[in-house]
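Me: I would like a close look at one part of this model. Please keep the sentences short.

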Amino acid sequence: MIRIEGLVKRYGTAEALKGLSFDVPKGQVVGFLGPNGAGKSTTMRILAGSLTPTAGRALVGGLDVATESVAARRLIGYLPENNPLYEDLMVLDSLRFVAEARQVDKRRRRDRIAAAVERCGLTQVLGKDISQLSKGYRQRVGLAQAIVHDPSVLILDEPTTGLDPNQIVEIRELIRELGREKTVILSTHILSEVQSTCSRVLIIADGRLVADDSPERLTASGGEGTLHAVVASRDGQRLDAGTVTSAFKAVPGVTGVESVASDEADTLGFVLRFGAEDPRRALFDCAVKQGLVLLELRRTQVSLEDTFRKLTGQSAQRKVA
Ligand SMILES: Nc1ncnc2c1ncn2[C@@H]1O[C@H](COP(=O)(O)OP(=O)(O)OP(=O)(O)O)[C@@H](O)[C@H]1O
Ligand SMILES: [Mg+2]
């Protein structure tokens, strides 16, 4: 449904996109991540047909957005970064204006506007000026404008930026609902958003694609992992961190043990690293043998933040240098 082929974008001498390519099949909801200045908005503007690339092309539904722009734009709903709206228009008038500009058939206009209003929960504010609206409602207006012509592809550039946590949940819910019937690409800096909304994540850094995977795979630790353990003595004897550390180090599968602070009195905390073999069962046996009670044994997952920083950190540093 979306095809990006070797996109290059130069602003003067600066190269914002350095040959970006990816495909998005119909119905997928894709999260588009990257640090500030990575080229997300540039890509989305090109995809929406509002910016021409220096090289390469963008196709939506098989149509080139640059050379077949009128037909392509019918398929595209676009919520630009910072959601620029006509402040002094009434909500309803702004939707009429957009429906007309988007060439929605005259006879269908009323129905399409009504559907977008209902979808985005705007009934209460139809008669208000946009300048009077809260940020959350402005975002809903932006989304209603993006879907008024019933596009099959939605391009949403940071749709939840600047919203409070309640509004974020509401807008996210709305996007998820829209994602059931549309192909969606959304950029965000909120990594948890991607985990709750998207089935696929694209990460770009410095104008290049650095990751393309499911959120689950990007947070899987690839066989290796970390365990957090808290132990107490079974018979009330004083615990010795050194002795426990040595015992845990000898457990098959464990590749590293570090004694850490524990918040509970008369307990000891440990961080254990392991390789391909999961050592949890063997650790339990070891604890029993040592006269220890294992109060806690928790596997800590790699966060999407960790993956993001790992994949984009280097190029961010390069950029600063
Ligand atoms: N109109 C412009 N003129 C010159 N340079 C620009 C212009 N727009 C963007 N850039 C540059 O292109 C690069 C990519 O910008 P872009 O806005 O696409 O990044 P982004 O990933 O959307 O960042 P953010 O997360 O901050 O929104 C940046 O280095 C930016 O400074
Ligand atoms: Mg941006």
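In which sense do strand β3 and strand β9 pair, and over how many bridges?

Reply: First, the ground rules. This is a predicted model: local features need pLDDT of at least 70, side-chain atom pairs count only at pLDDT 80 or more, and totals for chains, interfaces and linings use all residues. Residues are numbered from 1 along each chain as its sequence is written, while chains are lettered from A and ligands numbered from 1 in the order in which they are written.

Now the pair. Strand β3 (residues 29–33) and strand β9 (residues 200–205) run parallel, joined over four bridges. Strands here are DSSP runs of E, at least two residues, and helices are runs of H or I, at least four, both numbered from the N terminus. Pairing takes at least two DSSP bridges between two strands. Within this pair, L33 faces I203 of β9.

The surrounding sheet is open and has six strands, ordered β6-β7-β8-β3-β9-β10, with mixed pairing. At its edges are β6 (76–79) and β10 (208–213), each paired on one side only. From one strand to the next, the twist averages 15°. Angles run from 0 to 180 degrees between N-to-C directions, with axes fitted to C-alpha atoms, for helices over the stretch in contact.

Two helices complete the view. Helix α5 (residues 135–147) packs on the sheet and touches β6 and β7 (153–157). Its direction makes about 160° with that of β6. Contact requires C-beta atoms, placed from the backbone, within 7 Å. Helix α6 (residues 165–179) lies across β3, β7 and β8 (183–187). Against β8, helix α6 runs at about 150°.
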